[in-house]
Amino acid sequence: INVNVIPKTKVIPLGNLIGVKLYTSGVLVVGMSEIEGDNNHKYKPYLNSGIEEGDMIVEMNNKKIENTDELVDVVSKSNGQEIQIKYVRDKEVITTSIAPVKNESNEYKLGLWVRDAAAGVGTLTFYEPTTGSFAALGHGIVDIDTGGILNIANGELVTSKLISIQKGEKNNPGEIKGSIDSGVTIGEIEKNTNFGVFGLVSNRGNLDLKKSKEYDVALRSEIKTGEAEIICELEEGKKETYKIEIEKIYTSNNYDNKSMLIKIIDERLLEKTGGIIQGMSGAPIIQNGKFIGAITNVLVSDPTTGYAIFGDLMIKQMRTVQ
């Protein structure tokens, strides 16, 4: 028997379209390629180093590496001499070395493709007034190349401007396109997990909380199949509620964010989006006057149908941020 009990909690479900900026705790290796040397021969400097896609380079020649600029600087100043490298894989710190190769442009290269940040748009799920914490997305930010959850040092939650909506169709997921270039910081992201991104709000003024209402977080036993509603922003600065149907509830699920199978039934929403689209992840779900969870996934074969995560799973993850 799985027993899931959380202290009685009140949150303010939001549904704002937001931007997410994440910065890695080091430099993420996302690919590798041959280097054509200044002698026209091809080299793989990384070949026997043990480094793989998904590894995080954190130190080079005893210097802490926090971004790609710092990595490039060390490599450029190496004059081809072997560089001592520390990288992290599955929380284990590993030491290796690579001798950079001078390419035809007289630049020293390791043959590694790296990244130190990621950004995107999604939906802010809720704000908890008693702690000042927030939860968003209902799923983690993954690296587009490695497919793994991005291991972050920190991040920012910012306002986003809605640009356009691409309607979803069968086998062709839709998308909310937004701009975060001029976004104002709402809070600091402290954790990126399989159950969402979490952190603390630093600028409540950009959440428009005066028009929002507090709800109790429902226990799983209180969630029923049948009608519910979601909150999301599909017009600039305008949030609305839309009807959905909860078709299945996976009460004992604690291992992923597919807690409920849901279906969009609101004709207004279907007209606007065709169903669940990218950017709607994190849209809060209300049923019988309680917050029960958030949208997380869409079925590619049927954009009207997807999955949602239990609210208590997001609360538990949020508590670990404190």
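**Figure 1. Exposed area and overall build of the predicted chain.** In this predicted model, the chain exposes about 15500 Å², of which carbon and sulfur atoms supply 45%. The C-alpha trace spans about 70 × 40 × 40 Å along its principal axes. Three helices and 24 strands make up the list of secondary-structure elements in the chain. Of its 322 residues, 47% count as buried. Among contacts with a separation of 6 or more, 68% are accounted for by residues 24 or more positions apart.

**Figure 2. The largest nonpolar core.** This core has 42 residues, and the members that touch the most other members are F126, I230, M260, I262, I285 and I295. Strand β19 (residues 226-235) contributes the largest share, five residues. In soluble globular proteins, nonpolar side chains tend to be buried together. A second core of 23 residues is separate from this one; L28, I152, I189 and L207 are included in it.

**Figure 3. Surroundings of M260.** M260 is one of the core residues that touch the most other members. Leaving aside residues up to four places away in sequence, the contacts of M260 include I223, I246, K248, I249 and Y250. Further along the chain, M260 also touches I292 and G293, as well as G306, Y307, A308, I309 and F310.

**Figure 4. The aromatic pair F126 and F291.** A search of the whole structure finds one aromatic pair. A pair of aromatic rings is described by the distance of the centres and the angle of the planes. For F126 and F291, the centres are 5.3 Å apart and the planes make an angle of 70°, an edge-to-face arrangement. The angle is over 60 degrees, so the pair counts as edge-to-face rather than tilted. The two residues are 165 residues apart in the chain, with F126 in strand β11 and F291 in strand β23 (residues 290-299), and the pair thus links distant parts of the chain. F126 is buried, with a relative accessible area of 0%. F291 is likewise buried, at 0%.

**Figure 5. Strand β2 and its partners.** Strand β2 (residues 17-32) is mostly covered, with 12 of its 16 residues buried. Strand β11 (residues 112-128) runs antiparallel to β2 and is joined to it by 11 bridges. Within this pairing, G19 has V121 of β11 as its bridge partner. Seven bridges join β2 to β13, again in antiparallel fashion, and here L22 stands opposite G155. Strand β5 (residues 56-60) is also antiparallel to β2, with two bridges between them. V27 has I57 as its bridge partner in β5.

**Figure 6. S160 in the loop between β13 and β14.** S160 lies between β13 (152-159) and β14 (161-166). Is this loop residue S160 buried or exposed? S160 has a relative accessible area of 10%, which is under the 20% limit, and therefore counts as buried. The side chain of S160 reaches the backbone oxygen of S179 at 3.4 Å. Apart from residues up to four places away in sequence, S160 touches L17, I18 and G19. The other residues touched by S160 are V121, G178, S179, I180 and E236. Of these, G19 and V121 are bridge partners in the pairing of β2 with β11.

**Figure 7. Helix α3.** Helix α3 (residues 311-319) is largely enclosed by the rest of the structure, because seven of its nine residues are buried. The buried residues in α3 are G311, D312, L313, M314, I315, Q317 and M318.

**Figure 8. Two loop residues with positive phi.** N79 is located in the loop between α1 (68-76) and β7 (83-89). Its phi is near 55°, a positive value in a residue other than glycine. N79 is exposed, with a relative accessible area of 56%. K91 is found in the loop between β7 and β8 (92-98). K91 is not a glycine either, yet has a positive phi of about 70°. With a relative accessible area of 84%, K91 is exposed.

Conventions. Residues numbered from 1 in each chain as written. Predicted model: local features only at pLDDT ≥ 70, side-chain atom pairs only at ≥ 80, totals over all residues. Heavy atoms only, no water. Core = buried A, V, L, I, M, F, W, Y, C linked by side-chain atoms within 4.5 Å. Buried < 20%, exposed > 50% of the residue type's maximum accessible area, 1.4 Å probe, protein only. Helix = DSSP H or I, 4+ residues; strand = E, 2+ residues; numbered from the N terminus. Contact = heavy atoms within 4.5 Å. Polar contact = N/O pair within 3.5 Å; in protein donor to acceptor, adjacent residues only side chain to side chain. Pairing = 2+ DSSP bridges. Areas by Shrake-Rupley, 256 points an atom, 1.4 Å probe, with all protein chains shown as cover. Phe/Tyr/Trp six-rings, centres within 6.5 Å; stacked < 30°, edge-to-face > 60°.
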